[in-house]
Structure formats: C-alpha cells, structure tokens
There are 2 protein chains.
Amino acid sequence: MREYLPIGVFDSGIGGLSVVKYIINNLPNENLIYFGDIARIPYGTKSIDTIQKFARQTVKFLIKQDIKAIVIACNTISAVALDAVKQLAGNIPVIDVISAGAKASSVGYKKVGVIGTNATINSHAYPNSIHKLNPEVEVISQACPLIVPLIEEGLIKHRALELICKDYLKALLDKNIEALVLGCTHYPLISDIIQSIIGNSIDIIDPAIDTCNNLQQILIKNKILNSSNQMISHKFFVTDMPQKFQKIGEMFLHTPMQHIELVTFEH
Amino acid sequence: MREYLPIGVFDSGIGGLSVVKYIINNLPNENLIYFGDIARIPYGTKSIDTIQKFARQTVKFLIKQDIKAIVIACNTISAVALDAVKQLAGNIPVIDVISAGAKASSVGYKKVGVIGTNATINSHAYPNSIHKLNPEVEVISQACPLIVPLIEEGLIKHRALELICKDYLKALLDKNIEALVLGCTHYPLISDIIQSIIGNSIDIIDPAIDTCNNLQQILIKNKILNSSNQMISHKFFVTDMPQKFQKIGEMFLHTPMQHIELVTFEH
C-alpha cells in the first residue's frame, strides 16, 4: 500500500521546516521523513557542483527509506539540483519550492521581486521558471546571503537584521515591485520585518503554500494520498547537532519533535 | 633534505590566511601548502565530532603532500581537534593558534577577554590553555558567531557589523578586561572596529604573531628551517570555489596567489 509510505522532505538545514509546517497542517494524515544536512550548511554560498553532489547523497538516503514522494524544501537545491534529484528519483514524484513560487508569482503581477541565497539568485532559476509560465512578468532578483545566519543566531528582532534587510530590499523598492517572493525557506520567519520595510502595498509570496498544494495534487493524481489517520509519524534525520536542530525546529513548527536521529555520510 | 619540504597550514576556510601572511613575511624562505575546506565552512557552528572528522581528513591530505610541519591556522580546529591532529601527525610537529594566543595572554595581564566562534568558546580551550601557563589570569569568554559571515560577505564597514560587535563586546567591557584575544583568524580583518569599540586602553592580542614565532622556534629546534631562498612556492588547495577564495584571499594577503587547486574528499 504505497499511500502509507512517508513523504521525504529535505533541505540543507532547518529552513525546510517552514514547508513541513504547511504539510503537517494541510495533510495531517501523511507520514513524513525530513532530512537536514546540518553538518554542511549553509548550501547557499557554495558552488553548483558541490550542492548537486550533496543533494544526490541525500536523495539516495531518502530513497533507501522507501518514500512515495520527494519534496525539495530548499530554494538553493531546487535552483541548481532539481534535474539531478529527478534523475535519481525515477518514478517517485518530485515537488520543489521554486516551481511553486514561480506559479504563485506568474499570475496577477507585472513586476515581481525575488530574494534568496547567492546560489539561488545566481542560478536565475526564479526568472527562468516564471518566464516559462508568463514571459510578460518582469523579475528583479536580489541575493540576501546574511539573512540565514542572522536568523540561525536568533537575531530576529535585532536592529542589525533590519539594517541589513533594508540594504538588500532598497534596490527592489526602487524598481516598484508589486510582489516579493521569499526565495529561501528561512525568510518566512521574518516576514513581519520584511513586510514593514516594503509596506503593505507589496504582496509577500511564500512558496511553501503552493508547494504544499502541488504536493497534494500529485498525491491525489497518483492515488497515493493517505486516507488513514492511524499511526502517523514524523521522523527527522540530521547530519549534525540534533539538539540544536530540535531547539530551533520547534520554533518553526510550534510543536514538539518526537523522533530526531543523527546520520553521517562520510567515514 | 627535510628543510626544503613545505609547511602545511590549514583552516576551515579562508581566515587562516591571516596566519599565512605572518609566515610569508617572517619566514620568506619557507614553502607552504595551504588547505581550506571551503565546501564545508563554517566549522565554528558544528559539533566536536564533525569538526574532528573533517580535520582528520584534511591532515591525511596534508601528510600525503610530504610536509615538514603542520600549522592549525584555525581556532575552532585547535580548540576541539588538536589531539586528533597530533595523533595523525606522528613525528611531524604541530603548531596551533590557541597555544600561541594563550602564551601571549598569560603574561602581564590579570583579566583577559577572549572572542571566538561557538565551538571555540564552548570548548573552554582558551581558559584551559591560559590557566596551564598562569592560573592567576581571569579569562572571560564571548562567542561571536556572526562576525565570520559578516566579514565573508564584505560588510567590514557596515553599521550592522558595528552594532553586532558592540553587543558581543559589551559583556567583556563590563568586566574591565585589560586585553582581548582575537580567538578566530577572521577577526584581525576588523581589528580597527574592535579597537574603536573597546578603546585604546585594552590591548588586542592576535595569536597569529605568536603562532609564527612558535613555528620558527620549532623549525630551528628540529633543524628544518629552510636556509635557501630558491624556488619558493606557496600552493593553496580548497574544496570549493577557488575563484572566490582567490578574490577574498588576496584581500588577506595583499599579494597575488599563483597556485590555487580544487580538491574533493567525497565521491
């Protein structure tokens, strides 16, 4: 019975939990396996070759756990390693945050801003994906490499975060964007600060929402949506520091994380 | 002729070049091999087990290059993996930044502050090393995990860096320290900002200076100081992004880097 199998969700580290939160809330009958490569974070400052190599190792691990679908809950990996992941996944459907974010921003806007890590922005994955759906949308991109470390150090309310965000967002505001895509799964944690800088007339697009919708549609289409609410489990695997992962992770999920396991790739 | 062999210098990434600069200036006849594990930076936020594993891989690589001495140009690795490195090194002498920084701060001060990464500070390596030399010195430690990413993003003159540094240093200033050890090889790049915050009455101690002195003494003692200035080479090996390494690296060294090579550990 494939419908009972877990969905594999992965990220370079902890940000992907903002996608997990939506999945748990909207698809409460699904079993989940989350993988965060904490030992090698951050991915967003690394080269394409290195990110693809790391992503392949993770996908091989997930496939061994017997999963029914893969969610790439990381914009950086979606941006530079989507094809590599799909190739390894074979018949297992792959859902990614960038396709979802592009879908949400391709309708109803003429000018859209995108913020993300260096790797995501340099890949041009967002403009490419948006233009495939709607070539009329003007996409203005801005790398914001320091937001992730500032969030991971808990400086969510610090004046320094606001100053750095203001610097990053200035170029986008000068271009009169109508919507802003949060092109990194960490950013929803500071959406209030971002909204206060850009003002209420600019929409914020969180790709996690459409990622979850896309996942649901694919599960239905493949007849593998779990209809039973028995014995649901959410398991989390990390390559380093399970305690720290749990502490920050519960801030993301607003719920206790029962099963956290340490795994290693290298010997 | 062992004296002609290179010295192996390694760091998690690029900060160790602040030590290389001193070695090049003070020991211009020495051949150098530098290794930076760019693909897995930063180390300072990771667990002891993971840092030790990464350090062992690097040391095995350096030993294969036939080196005459090893310099750990990274406080985090010195703090948690010095014994692991010495064990692998066997008869090859190992010089580390923390022993050097401890030596410099153990004489002439009653109260010393130390700043470093999470891993360095949590290890208590500085207070332990200082107290072995002089149990009378009071050591006050402060982790500053965001300084490295801010420097690596080039925000050396940004108001946000100053605000974050002020927050980190406040607790040390409240304790009336007489000297401050820069317990991370990135920090010398912003020593002017740190000095302006702490004032001129507090001495700044850069362990790179004593690391270089210790290296020179050990080379002399072991009769392996290179007396010839022929064919001197400085080779740099990184696990990711050689171009970015070169760009930031030349800021550290103030000189062109000729030989940069990409190596990988994982397959």
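Visitor: Which residue just after α8(B) takes a positive phi?

Guide: Happy to start there! One thing to keep in mind is that this model is predicted. As a general idea, most residues other than glycine have a negative phi, and most peptide bonds are trans. In this model, N176(B), just after α8(B), takes a positive phi of about 55 degrees.

Visitor: Which residue other than glycine in the loop between α11 and β10 of chain A has a positive phi?

Guide: That is H254(A), with a positive phi of about 55 degrees although it is not a glycine. H254(A) sits in the loop between α11 and β10 (259–262) of chain A. H254(A) is exposed, with 7 other C-beta atoms within 10 Å. In chain B, you can look at M231(B), whose phi is near 55 degrees, again a positive value in a residue other than glycine. M231(B) is found in the loop between α10 (207–221) and β9 (234–238) of chain B. M231(B) counts as exposed because it has 7 C-beta neighbours inside 10 Å.

Visitor: You mentioned peptide bonds. Which residues does a cis peptide bond join in chain A?

Guide: The general idea is that most peptide bonds are trans. Here, I41(A) and P42(A) are joined by a cis peptide bond, with omega about -10 degrees. P42(A) belongs to the loop between β2 and α2 (48–64) of chain A. Chain B has a cis peptide bond between I41(B) and P42(B), where omega is about -10 degrees. P42(B) belongs to the loop between β2 (32–36) and α2 of chain B.

Visitor: Let me step back to a whole chain. How many helices and strands are in chain A?

Guide: Chain A has eleven helices and ten strands. Its radius of gyration is 18 Å, close to the 18 Å that the globule rule gives for 267 residues, so chain A is as compact as a globular protein of that length. The C-alpha atoms of chain A fill a box of roughly 55 × 40 × 35 Å along the principal axes. Of its 267 residues, 52% count as buried. You can also ask how far along the sequence the contacts reach: among those in chain A between residues at least 6 apart, 79% join residues at least 24 apart.

Visitor: What covers the buried residues of a helix such as α1(A)?

Guide: Begin with the residues themselves: in α1 (residues 17–26) of chain A, the buried ones are L17(A), S18(A), V19(A), V20(A) and I23(A). Their cover includes β1 (7–11), β2 (32–36), β3 (69–72), α4 (97–105), α10 and α11 (242–253) of chain A.

Visitor: Is D206(A) buried or exposed?

Guide: D206(A) is buried, because 20 other C-beta atoms lie within 10 Å, and 20 or more is the cut-off for that word. D206(A) lies in the loop between β8 (203–205) and α10 (207–221) of chain A. Leaving aside residues up to four places away in sequence, D206(A) touches L182(A) and P188(A). D206(A) and K103(A) are 103 residues apart in sequence and 11 Å apart in space, C-alpha to C-alpha.

Visitor: How many residues of chain B are in contact with chain A?

Guide: There are 18 residues of chain B in contact with 18 residues of chain A. On the side of chain B that touches chain A, α2 (48–64), α7 (147–152) and α8 (159–174) of chain B each supply at least two residues. The most comes from α8(B), with four residues. By class, this side of chain B has nine nonpolar, two polar and seven charged residues.

Visitor: What should I look for in α8(B) itself?

Guide: Try its length and its bend. At 1.5 Å a residue, the 16 residues of α8(B) should span 22 Å, and its end C-alpha atoms are 22 Å apart, which agrees. α8(B) bends by about 35 degrees at Y168(B). Its buried residues are A160(B), L161(B), I164(B), C165(B), L169(B) and L172(B). They pack against α8 (159–174) of chain A, together with β5 (111–116), β6 (138–143), α7, β7 (179–183) and α9 (191–198) of chain B.

Visitor: What turn lays chain B on chain A?

Guide: In general, two copies of a chain are related by a rotation about an axis and a shift along it. Here, a turn of 180 degrees and a shift of 0.0 Å along the axis lay chain B on chain A with an RMSD of 0.0 Å. That is the relation of a two-fold axis. Also, 100% of the interface residues of chain B are interface residues in chain A, so the copies meet through the same surface.

Notes: Residues are numbered from 1 along each chain as its sequence is written. Chains are lettered from A and ligands numbered from 1 in the order in which they are written. This is a predicted model: local features need pLDDT of at least 70, side-chain atom pairs count only at pLDDT 80 or more; totals for chains, interfaces and linings use all residues. The radius of gyration is taken over C-alpha atoms; the globule rule is 2.2 Å times the number of residues to the power 0.38. A residue is buried if 20 or more other C-beta atoms lie within 10 Å of its own, exposed if 12 or fewer, and partly exposed in between; C-beta atoms are placed from the backbone. Two residues are in contact if their C-beta atoms, placed from the backbone, lie within 7 Å. Ala, Val, Leu, Ile, Met, Phe, Trp, Tyr, Cys and Pro count as nonpolar, Asp, Glu, Lys and Arg as charged, and the others, Gly among them, as polar. The expected span of a helix is 1.5 Å times one less than its number of residues. The bend at a residue is the angle between axes fitted to the seven residues ending there and the seven starting there. Copies are superposed by least squares on the C-alpha atoms of residues with pLDDT of at least 70 in both.
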